[in-house]
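Student: Got a minute to go through this model with me? I'd like the overall picture, then a few residues.
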Amino acid sequence: MTNEDIINQILDTEGGEDALIIENFNSCYVGTTITKPVRVVYDYWKCLDLLVNTDGWDFDESVNYLDELAVVDLGENTPLYVKQL
């Protein structure tokens, strides 16, 4: 799925036009919530892998960054991060 496909899928979802998209994490996109407001969902482990192995971040810095990002309140459309087992 390309970045354009992901963005179009989100925007085509009813209410998705207000969803917040973290463009750097497009490859970590899992989907959207079915509840309103629509929120984008990212895979935490893929985000961590992207930061460490693609962007060259230190592992501990990456974990701290993601943990802080996950609790930042960006309003009702704040993205969600899931830790899939």
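Student: What does the secondary structure come to?
Tutor: Three helices and three strands. Keep in mind that this is a predicted model.

Student: What pattern do they follow along the sequence?
Tutor: Reading along the sequence, you get α-β-β-α-α-β.

Student: And why call it as compact as a globular protein of that length?
Tutor: Because its radius of gyration is 13 Å, close to the 12 Å that the globule rule gives for 85 residues.

Student: What box do the C-alpha atoms fill?
Tutor: Roughly 40 × 25 × 25 Å, taken along the principal axes.

Student: How much of the protein is buried?
Tutor: Buried residues are 33% of the 85.

Student: What about contacts between residues far along the chain?
Tutor: Take the contacts between residues at least 6 apart in sequence. Of these, 41% join residues at least 24 apart.

Student: On to the sheet. What is the strand order?
Tutor: β1-β2-β3, in an open sheet with mixed pairing.

Student: Which strands stand at the edges?
Tutor: β1 (29-32) and β3 (80-82). Each has a single partner strand, so one side of each has no neighbour in the sheet.

Student: How are neighbouring strands turned against each other?
Tutor: By 30° on average, with direction ignored.

Student: In which sense do β2 and β3 pair, parallel or antiparallel?
Tutor: Parallel, over three bridges. Strand β2 covers residues 40-43.

Student: What stands opposite Asp43?
Tutor: Val82, in β3.

Student: Now Thr33. Where is it found?
Tutor: Thr33 sits in the loop between β1 and β2.

Student: Is Thr33 buried or exposed?
Tutor: Buried. Its relative accessible area is 15%, and the cut-off for buried is under 20%.

Student: What does Thr33 contact, leaving aside its neighbours within four places in sequence?
Tutor: Val38, Arg39, Val41 and Leu80.

Student: And which backbone oxygen lies 3.3 Å from a polar atom of its side chain?
Tutor: That of Thr35; the side chain in question belongs to Thr33.

Student: Changing topic to cysteines. How many disulfides does the structure hold?
Tutor: Zero. Cys28 is in no disulfide, and its nearest cysteine sulfur belongs to Cys47, 3.8 Å away. Cys47 is in no disulfide either, and the nearest cysteine sulfur to it is that of Cys28.

Student: Why doesn't 3.8 Å count?
Tutor: Because a disulfide here needs the two sulfur atoms within 2.5 Å. The sulfurs of Cys28 and Cys47 are 3.8 Å apart.

Student: Are those two cysteines buried or exposed?
Tutor: Buried. Cys28 has a relative accessible area of 1%. Cys47 comes in at 0%.

Student: One more residue, Tyr65. Which helix does it lie in?
Tutor: Helix α3, residues 59-71.

Student: How accessible is Tyr65?
Tutor: Partly exposed, with a relative accessible area of 34%. That value falls between the cut-offs, with buried under 20% and exposed over 50%.

Student: Which residues does Tyr65 touch, not counting those up to four places away?
Tutor: Phe25, Leu51 and Trp57.

Student: And what separates Tyr65 from Glu76?
Tutor: Their C-alpha atoms are 21 Å apart, and along the chain the two are 11 residues apart.

Note on methods
Residues are numbered from 1 along each chain as its sequence is written. This is a predicted model: local features need pLDDT of at least 70, side-chain atom pairs count only at pLDDT 80 or more; totals for chains, interfaces and linings use all residues. Side-chain values use heavy atoms; hydrogens and water are left out. Two strands pair if DSSP finds at least two bridges between them. Helices (H or I, at least four residues) and strands (E, at least two) are DSSP runs, numbered from the N terminus. Axes are lines fitted to C-alpha atoms, for helices over the stretch in contact, and angles run from 0 to 180 degrees between N-to-C directions. Buried means under 20% relative accessible area, exposed over 50%, partly exposed in between (1.4 Å probe, protein chains only). A polar contact is a pair of N or O atoms within 3.5 Å; within protein, one must be able to donate a hydrogen and the other to accept it, and residues adjacent in sequence count only if both atoms are side-chain atoms. Contact means heavy atoms within 4.5 Å. The radius of gyration is taken over C-alpha atoms; the globule rule is 2.2 Å times the number of residues to the power 0.38.
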